[in-house]
Amino acid sequence: MCGIIAYIGKKPAQPILVEGLKRLEYRGYDSAGVGFINDGEINITKSSGRINALEEQLETPDKTNLLGIAHTRWATHGQPNTTNAHPHLDYTGKIAVVHNGIIENYNTLKTWLQNNGCEFVSDTDTEVISNLIGYFYASNDGPGDSQNKFEWAVQTALNELVGTYGLAIICSDWPEMLICAKKGSPLILGIGKNEYVIASDASAIVEHTTQAIYLADNEMATMGPDSFRTKTIDNIEIRKDLKEIEFSLDAIELDGFEHYMLKEICEQPSALSTCLGGRIDARNGKVVLGGLDNHWRELTRAKRVIINACGTAWHAGLVGEFLLEQFVRISTETEYASEFRYRNPIIDDGTIVIAVSQSGETADTLAAIEQAKERGATVLGIVNVVGSTIARTTDAGIYLRVGPEIGVASTKAFTAQVAVLTMLAIEMGRRKHISDETAKYYIEELAAIPEKIKTILKQSEHIKEIAAANITKDNWLFLGRGFNYPVALEGALKLKEISYIHAEGLPAAEMKHGPIALINDNMPTVFIATKCSQYEKILGNIEEVKARGGRTIVVATEGDEEIKKIADHLITVPEVPEALQPLVTVIPLQLLAYHAAVLRGHDVDKPRNLAKSVTVE
């Protein structure tokens, strides 16, 4: 879950690498480092902490450094300190590596290398890679000429690794050569005019070029200042198609907002409009999902759906489960991908597996996809990042189309995931069980959601006041019923992620089966209590909390006079059909978590111990 960037071209590398690290910092921010080749030696500067700590150590850029590698770390093996920061040199000092991923057999390789005279200075698995390449490079084996020897050493080492990697590698003997390789971790090769930028995602590339190659697993690229070639790690030449990066630099700027998270919360009306645009045929009451054109027959004949996801995407998947069961009348289960991959799941004929991931690179979800495909399931992907691994490995899918999401705590991706699952459920239902009139009604209501979210965003200052009145409380409870139960889970997760307040989400009816023992004036209880089929029941749940001296924060439907009497704090949302309510009820909870975190003095875009894209197990 780290970010890597490398550059080779005609410009000084240092400013490009530092700026790229800043754009990748949301992927990890425990430590950072850069490496260059000067006078036949590799020079490395590293620092623990944020990118600005590294920047303070760097001197005025050497304009002759036209090649370099850099890294921002989210620690897996070894503490987040300067010694464990990347780049990592090999024992000869000739090879330097930056790495995103995990090497599972590093202990075995480390012991073997140590027995063969290689010294280690860090606690990381990455140092095994640099030392392994260095060992083969220094050996008497391999091809005769040195250039091929560098490539050969990389290829030979990679074939010994078990695990995942996105790598950028330099060798002091070849100051005009950069090698990168990928397996299981994202890696993009940006191709400019006489320059190449390697990065973990497109945000670090778009300032320089919008033309890119997306490397697949077990592929590598070798670059010089004027040319590049791609091949497999088994040395088979391959040809890769150029792709257009589908967002601009403006999309990843703060644009006047204090934090990316707030920007992305406020972008949800426009992001959802883009997500829905061209997909809703309101006149004919249909949903158009071009990515599924060749699979509707399988979908309508499906007997069972399994949704695989992690974190926030799992909560969106749970909403999708409820939607598919209501509109399509199909048995649906939402599984944690991290658990599914280690079980012996039952996948019969007619099982559809839907993988949901913002980044399209989530390691557990990818492993679940592989298992589902091995067992013969048709696998669909719902992802945001174009060209991501999940997008390429699934049988078909739907892009969220909400633009890059930089904030570590997902917001606009969640609402887009729910919107896409809603469109899928409506169209599958229309083809099987619900009437055209019903489908048309929900399509029209779905199209109106972006405007309704705008009215909720206007309450941001009011929600900030509610947060201020409760941020000294270290334990919160979030309760919802039906379609709003997953929203309660998501609200609790958001508060935990960025404010570090302990929070628990539950179905409201489950409160009295144990958690009610916790209720007192020191535990705010957040209810999603909009007008729905279980409205009277949740009113009773609120009364139960009030009777025990609990403090209530209630999200309710506009104009609900009855609920005002029992809510200590009230936030209202526009009236929306029950099945679509998660798209509006989650917005106040996002704002509540955001304001609580800011008021408590936390960096909401870089929360403690978290990174954006979980590309390691």
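Helices, here H or I runs of at least four residues, and strands, E runs of at least two, are taken from DSSP and numbered from the N terminus. With that numbering in hand, select Glu59, which sits in the loop between helix 2 (51–57) and strand 4. Keep in mind throughout the tour that this is a predicted model. Glu59 counts as exposed because its relative accessibility is 67%, above the 50% cut-off for that class. If you add Leu366 to the selection and draw a C-alpha to C-alpha distance, you will find the two residues 41 Å apart in space, with their positions 307 residues apart in sequence.

Next, colour strand 20 (residues 351–357), where seven of the seven residues are buried, so the strand is largely enclosed by the rest of the structure. Which residues cover its two faces? On one side you can pick out Thr351, Val353, Ala355 and Ser357, and on the other Ile352, Ile354 and Val356, all of them buried. In a regular strand, side chains alternate between the two faces of the sheet.

Stay with strand 20 and bring in its neighbours. Strand 18 (residues 304–309) pairs with strand 20 in the parallel sense over five bridges, and Val353 in strand 20 is the bridge partner of Ile306. Strand 21 (residues 378–383) also runs parallel to strand 20, and six bridges join them; here Val353 stands opposite Val379. To follow the chain from strand 20 to strand 21, trace it through helix 11 (residues 363–374), a β-α-β crossover that is right-handed.

Now select the largest nonpolar core, which has 94 residues, and highlight those with the most contacts inside it: Leu292, Leu324, Phe327, Ile354, Ile449, Trp476 and Phe478. Helix 13 (residues 412–432) gives the most to this core, contributing 12 residues. Apart from this core lies another, of 31 residues, in which you can select Ile51, Leu58, Ala70 and Ile406, among others. In soluble globular proteins, nonpolar side chains tend to be buried together. For a closer view of one member of the largest core, centre on Ile449; leaving aside residues up to four places away in sequence, Ile449 touches Leu272, Val576, Leu580, Leu583 and Val584.

Two loops deserve a look at their backbone angles. Asp39, in the loop between strand 2 (31–38) and strand 3 (41–48), has a phi near 50 degrees, a positive value in a residue other than glycine. Is Asp39 buried or exposed? Asp39 counts as exposed, because its relative accessibility is 81%. Move then to Asn218, in the loop between strand 11 (211–214) and strand 12 (219–223), where phi is again positive, at about 65 degrees, although the residue is not a glycine. Asn218 is partly exposed, with a relative accessible area of 32%.

Another backbone feature is found between His86 and Pro87, which are joined by a cis peptide bond with omega about 0 degrees. Pro87 lies in the loop between strand 4 (67–73) and strand 5 (88–89).

From His86, pass to the last stop, since His86 is one of the residues lining the largest cavity. The structure holds one cavity of 30 Å³ or more, and the largest cavity has a volume of about 70 Å³. To display its lining, select Cys2, Arg73, Trp74, Thr76, His77, His86, His99, Asn100, Gly101, Thr124, Asp125 and Thr126.

Notes:
Residues numbered from 1 in each chain as written. Predicted model: local features only at pLDDT ≥ 70, side-chain atom pairs only at ≥ 80, totals over all residues. Heavy atoms only, no water. Core = buried A, V, L, I, M, F, W, Y, C linked by side-chain atoms within 4.5 Å. Buried < 20%, exposed > 50% of the residue type's maximum accessible area, 1.4 Å probe, protein only. Contact = heavy atoms within 4.5 Å. Pairing = 2+ DSSP bridges. Right-handed = clockwise from strand over helix to strand, strands pointing away. 1 Å grid on protein atoms, 1.4 Å probe; cavity = no way out; pocket = protein on both sides within 12 Å on 5 of 7 lines; lining within 4 Å. Points joined across faces, edges and corners; volume = space filled by probe spheres on them.
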